[in-house]
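User: I would like to learn how to read strand pairing, crossovers and helix packing in a model. Can you take me through one?

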Amino acid sequence: TTTEAAKNPHHDVLDIAHRGASGYAPEHTLTSYKMGDRMHGDYIEIDLQMTKDGKLIAMHDETVDRTTDGTGQVKDFTLEQIKQLDAGSWFNEKYPQYANPRYEGLKVPTLEEIFKTFTKNKKYYIETKSPDVYPGMEEELLRLVRKYHINKDTLLVQSFSKESLLKVHNLDPSVKLIQLLSYKKHAVLTGQEAADMKKYAVGIGPNFNYLDKAYVQTARNAGLDVHPYTVNETADMQKLIDWGVTGMFTNFPDKLHRLLKEN
Ligand code: G3P
Ligand code: CA
């Protein structure tokens, strides 16, 4: 008999809307996350930084310079000050082909606002950024996960910092973890390295451009999920699917959705 999986072997490849649908709208705004949803992204990806008064906000960089009209380090801003910034107009200037007047004046969202907006059953893929700069960010993340009853079956916490992941693990062993990895040349993974990461993480998130099939297979054989970042071209998406990845981060979740339907 033909099973669903045999008919569509890629039905379980996760479409992770990287910073929301950030190819089309200003990254890490509620607008970008909602667009990720509408474009059939399975997960919304959120990078965390922390304000001077200890609030977790969604932002990629440690400074506000690139994605707002302000300048300076996030850690030197109170949330009230962060809320004065325009987190949308920069996108219209940088990407005129996708510019939209309604992006002007968009605000930087807090993690709390994101949880309130998308509620407990949304699939969140949350990164602790620069955990060494923000002591206590893991505790605050888990406090909000508890407060908003976020479904932990579909929550993923990711970090380049193994230390930050282990901290989350020690605070709440039921939270699923993804070890992010960054390669600057041809990526090699030994079975031992994969097994070591499997002890605390359910999967890995390597940059896609230096991977090969052997790498993906070694990780998969160790039982790790493999979610490469950030894959924006259809040809690269297809290649990674053929190698056996279990999901990927993309700024264009609609493109990946179309491809997965064809596969
Ligand atoms: O979290 C996956 C990917 O986003 C890691 O790189 O710099 O875009 O956060 P970065
Ligand atoms: Ca990220």
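Analyst: We start with the ground rules, then go through strands, one residue, and helices.

Analyst: This is a predicted model, so local features need pLDDT of at least 70 and side-chain atom pairs count only at pLDDT 80 or more, while totals for chains, interfaces and linings use all residues. Residues are numbered from 1 along each chain as its sequence is written, chains are lettered from A and ligands numbered from 1 in the order in which they are written, and side-chain values use heavy atoms, with hydrogens and water left out.

User: How is S4 paired with S2, and over how many bridges?

Analyst: Strands (E, at least two residues) and helices (H or I, at least four) are DSSP runs numbered from the N terminus. Two strands pair if DSSP finds at least two bridges between them. Here strand S2 (residues 43-50) and S4 run parallel, with six bridges. Ile46 has Ile126 of S4 as its bridge partner.

User: Which strand follows with three bridges to S4?

Analyst: Strand S5 (residues 156-159) pairs with S4, again in the parallel sense. Tyr125 is bridged to Leu156 in S5. Between S4 and S5 the chain passes through helix H6 (residues 137-147), a right-handed β-α-β crossover. Right-handed has a viewing rule: with the strands pointing away from the viewer, the path from the first strand over the helix to the second runs clockwise.

User: Where does the chain go in the sheet after S5?

Analyst: S5, helix H7 (residues 162-171) and S6 form a right-handed β-α-β unit. S5 and S6 are parallel, over four bridges, and Leu156 has Lys176 as its partner in S6. Next, S6 pairs with strand S7 (residues 203-206), also parallel and over four bridges. Leu181 is matched there with Pro206. The link from S6 to S7 is helix H8 (residues 191-198), in a right-handed crossover.

User: Why is S4 described as largely enclosed?

Analyst: Look at accessibility. Buried means under 20% relative accessible area, exposed over 50%, and partly exposed in between (1.4 Å probe, protein chains only). Strand S4 (residues 123-128) has five of its six residues buried, so it is largely enclosed by the rest of the structure. Strand S6 (residues 176-181) is mostly covered, also with five of its six residues buried.

User: Is Val157 in S5 buried or exposed, and what does Val157 touch?

Analyst: Val157 counts as buried because its relative accessibility is 1%. Contact means heavy atoms within 4.5 Å. Leaving out residues up to four places away in sequence, Val157 touches residues including Ile126, Leu141, Leu165 and Ile178. Its C-alpha is 8.2 Å from that of Tyr124, 33 residues away along the chain. For contrast, Lys213 lies in helix H9 (residues 213-221). Lys213 counts as partly exposed because its relative accessibility is 45%.

User: How do H2 and H5 cross, and which residues make the contact?

Analyst: Axes are lines fitted to C-alpha atoms, for helices over the stretch in contact, and angles run from 0 to 180 degrees between N-to-C directions. Helix H2 (residues 30-38) and helix H5 (residues 111-118) have axes that come within 11 Å and cross at roughly 35 degrees. H2 contributes Leu30, Tyr33, Lys34 and Asp37, and H5 contributes Ile114, Thr117 and Phe118.

User: What covers the buried residues of H2?

Analyst: Thr31, Ser32, Tyr33, Met35 and Gly36 are buried in H2. The cover includes strand S1 (14-17), S2, strand S3 (56-58), H5 and helix H11 (253-262). Just after H2, His40 has a positive phi of about 70 degrees.
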